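Student: Before we interpret anything, could we look at the model together and ask, for each label, what value stands behind it?

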Amino acid sequence: MMEDIQSKELTFRLSKCRATPNLYRAKCLSGSDNLVGYATFKLKESCVVLYKIWVKPKYREMHIGKTLLAIMEDFAKENRVFRVEGKFYPSTDGVRRFYEKCGYDVPNKEKSWENYDRDWTLSKDLRRATDLTTERTIER
Ligand SMILES: CC(C)(COP(=O)(O)OP(=O)(O)OC[C@H]1O[C@@H](n2cnc3c(N)ncnc32)[C@H](O)[C@@H]1OP(=O)(O)O)[C@@H](O)C(=O)NCCC(=O)NCCS
């Protein structure tokens with residue numbers, strides 16, 4: 001597994017989900033074609049909605065998650081969409097740190113669940129933010 005990462009045998013791929021309109025998935029596959037991470041998002045007129053991002057535990061903190069977000073953000077901008085939104089599930093401080101490191105505005109106070117839709121939204125303005133860089137080749 002570590003050899004995969006060290007030898008950069010990771011493939012990043014962006015594909016459209018067939019069943020649902022405007023739903024996309026950025027994937028990271030290991031050399032042996034195993035899924036090691038993905039981000040699922042929907043392209044809307046005014047924003048991209050990030051539904052889920054996940055990286056296999058042993059592959060975490062190796063910039064795979066950041067690269068998946070970079071793929072999503074580049075795709076949004078190519079489509080002239082400059083905002084990302086999502087729900088922030090306050091599972092751990094680590095996830096908060098991840099989003100902050102990637103330039104996202106994350107609710108930082110203790111919020112109640114009463115105003116979940118309003119209070120637990122995560123967002124990023126792609127016009128103002130610095131590009132997340134990815135040195136990876138993206139297959140489409
Ligand atoms: C959140 C998640 C996708 C992050 O993926 P990842 O590949 O480990 O993240 P990256 O390596 O790209 O991290 C990017 C930056 O965030 C930081 N970061 C990531 N996870 C962190 C953690 N748990 N604690 C502190 N910092 C963290 C990294 O150190 C890195 O910082 P740097 O740019 O200064 O080097 C991954 O931990 C995960 O799958 N978690 C479970 C699923 C989940 O909670 N998803 C979010 C809600 S849908």
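Tutor: Let us begin with the sheet, bearing in mind that this is a predicted model: seven strands form an open sheet in the order β6-β5-β4-β3-β2-β1-β7, and the pairing is mixed.

Student: What makes β6 and β7 edge strands?

Tutor: Each of the two, β6 (121-125) and β7 (138-139), has a single partner strand, so one side of each is left without a neighbour in the sheet.

Student: How do you know that the pairing is mixed, and which strands show it?

Tutor: Both senses occur around β4, since a strand pair requires at least two bridges and the bridges there are as follows. β3 and β4 pair in the antiparallel sense over seven bridges, whereas β4 and β5 run parallel and are joined by three bridges. In the parallel pair, Val48 stands opposite Val84 in β5. Farther along the order, β5 and β6 run antiparallel with five bridges, and Lys87 stands opposite Thr121 in β6.

Student: How are β3 and β4 connected?

Tutor: They form a hairpin, with four residues between the two strands. Across this hairpin, Ile53 in β4 is the bridge partner of Ala39.

Student: Why is Ile53 called buried?

Tutor: The cut-off for burial is 20 or more C-beta neighbours within 10 Å, and Ile53, with 22 such neighbours, counts as buried because its value lies on that side of the cut-off. Leaving aside residues up to four places away in sequence, Ile53 touches Ala39, Gly65 and Leu68. The C-alpha atoms of Ile53 and Gly37 are separated by 7.5 Å, although the two residues are 16 apart along the chain.

Student: What is the overall content of secondary structure, and in what pattern does it follow the sequence?

Tutor: The protein has four helices and seven strands, which along the sequence read α-β-β-β-β-α-β-α-α-β-β. Of its 140 residues, 19% are buried. Among contacts with a separation of 6 or more, 51% are between residues 24 or more positions apart.

Student: How do you know that the length of α2 agrees with what is expected of a helix?

Tutor: The helix covers residues 64-78, 15 residues in number, and at 1.5 Å a residue it should span 21 Å; because its end C-alpha atoms are 21 Å apart, the value agrees with the expectation.

Student: Which residues of α2 are buried, and what does α2 supply to the largest nonpolar core?

Tutor: The buried residues of α2 include Ile64, Leu68, Leu69, Ile71 and Met72. The largest nonpolar core has 19 residues, of which Ala39, Val48, Leu50, Leu68, Leu69 and Met72 touch the most other members. At least two residues of this core come from each of β2 (23-30), β3 (35-43), β4 and α2, and α2 supplies the largest share, seven residues. As background, nonpolar side chains tend to be buried together in soluble globular proteins. Leu69 touches Ala39, Cys102 and Leu132, with residues up to four places away in sequence not counted.

Student: What makes His63 and Arg80 worth a second look in terms of phi?

Tutor: Most residues other than glycine have a negative phi. His63, which is not a glycine, has a positive phi of about 70°, and Arg80, likewise not a glycine, has a positive phi of about 60°. His63 is in the loop between β4 and α2, while Arg80 is in the loop between α2 and β5 (83-87).

Student: Why is His63 called partly exposed, and why is Arg80 called exposed?

Tutor: A residue is exposed at 12 or fewer neighbours, buried at 20 or more, and partly exposed in between. His63 has 17 C-beta neighbours inside 10 Å and therefore counts as partly exposed, whereas Arg80 has 7 and therefore counts as exposed.

Student: Which residues surround the ligand, and what classes do they belong to?

Tutor: There are 18 residues around the ligand, and the closest are Arg60, Gly65, Lys66, Gly94 and Lys101. The elements giving two or more residues to this shell are β4 (48-55), α2 and α3 (93-101), with α3 giving the most, five residues. By class, the shell has eight nonpolar, four polar and six charged residues.

Technical notes
Residues are numbered from 1 along each chain as its sequence is written. This is a predicted model: local features need pLDDT of at least 70, side-chain atom pairs count only at pLDDT 80 or more; totals for chains, interfaces and linings use all residues. The expected span of a helix is 1.5 Å times one less than its number of residues. A residue is near a molecule or strand if its C-beta atom, placed from the backbone, lies within 6 Å of it. Ala, Val, Leu, Ile, Met, Phe, Trp, Tyr, Cys and Pro count as nonpolar, Asp, Glu, Lys and Arg as charged, and the others, Gly among them, as polar. Two residues are in contact if their C-beta atoms, placed from the backbone, lie within 7 Å. A nonpolar core is a set of buried Ala, Val, Leu, Ile, Met, Phe, Trp, Tyr and Cys residues joined through C-beta atoms within 7 Å.
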